[in-house]
Amino acid sequence: MLGVVLLYVGIVLINNGIARITNIDSKSSAVMNVFVGLLSIIINIITIVHGDFILIDDIGDFYSAATGLLFGFTYLYVAVNSIFNLDNRLYGWYSLFVAINTIPAAWIDFYINGDWKMAIIWILWGILWLTGFIENVLKKELKFVPYLAIFEGIFTAWIPGFLILTNLW
């Protein structure tokens, strides 16, 4: 299921980056954020309902679903804030929370799962989430963020998602 979510996370990150670079109204980009957020939440709830708490020699389905829900809530949060023109500061604090969570997630992937590629991806995601805190709470405009979103959409989500779906990861 990770491959499915990553494929769509890729397009939403690319869309969000392009929308920001080209000054497309945030309400327009909210549509894809809703679709991807709901997809992620549905898939991860299915994983929770059908998953095992701890698998032998594995971290468990609940861990995978919990970290996956970080994405779903991110995209729904962005969408709702955009649609209703809400104050983004609380989203910024949420982004900091998620960015902090990417540190142990990267450690788990590297040291426990032996997957250095996913560890690097978690670190890159953490950097992107940290920019949400910097821009929305600290009010520092980071001009590179839309380009980072596009880069991460391609290299940390779309390509890995496609490779996972085709069993080439």
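A polar contact is a pair of N or O atoms within 3.5 Å; within protein, one must be able to donate a hydrogen and the other to accept it, and residues adjacent in sequence count only if both atoms are side-chain atoms. The model is predicted: local features need pLDDT of at least 70, side-chain atom pairs count only at pLDDT 80 or more, and totals for chains, interfaces and linings use all residues. Residues are numbered from 1 along each chain as its sequence is written, and side-chain values use heavy atoms, with hydrogens and water left out.

**Exercise 1. Examine helix α5 and its start.**

Step 1. Helices are DSSP runs (H or I, at least four residues), numbered from the N terminus. Helix α5 covers residues 116-136, 21 residues in total.

Step 2. The expected span is 1.5 Å times one less than the number of residues. For α5 that is 30 Å; the model gives 31 Å from first C-alpha to last, close to expectation.

Step 3. Look at the start of α5. A side-chain oxygen of D115 comes within 3.3 Å of the backbone nitrogen of K117.

Step 4. Follow K117 further. Its charged end sits over the ring of W169, 4.8 Å from the centre. The rule asks for NZ of Lys or CZ of Arg within 6 Å of the ring centre and within 35 degrees of the ring normal.

**Exercise 2. Classify the ring pairs Y77–Y94 and F151–F155.**

Step 1. Rings of Phe, Tyr and Trp (its six-membered ring) pair if their centres lie within 6.5 Å; planes under 30 degrees apart are stacked, over 60 edge-to-face, the rest tilted. The count by this rule is 10 aromatic pairs.

Step 2. Y77 and Y94 have centres 5.7 Å apart and planes at 45 degrees, a tilted pair. Y77 belongs to helix α3 (residues 61-84) and Y94 to helix α4 (residues 89-112), with their positions 17 residues apart; the pair links distant parts of the chain.

Step 3. Add accessibility. Buried means under 20% relative accessible area, exposed over 50%, partly exposed in between (1.4 Å probe, protein chains only). Y77, at 26%, is partly exposed. Y94, at 15%, is buried.

Step 4. For F151 and F155, the centres are 4.9 Å apart and the planes at 40 degrees, so this pair is tilted. Both residues lie in helix α6 (residues 145-165), 4 residues apart, about one turn. F151 is partly exposed at 39%. F155 is partly exposed at 47%.

**Exercise 3. Place I43.**

Step 1. I43 lies in helix α2 (residues 26-50). Its relative accessibility is 10%, so I43 is buried.

Step 2. Leaving out residues up to four places away in sequence, I43 touches M1, V4 and V5. Contact means heavy atoms within 4.5 Å.

How values were computed: Helix = DSSP H or I, 4+ residues; strand = E, 2+ residues; numbered from the N terminus.
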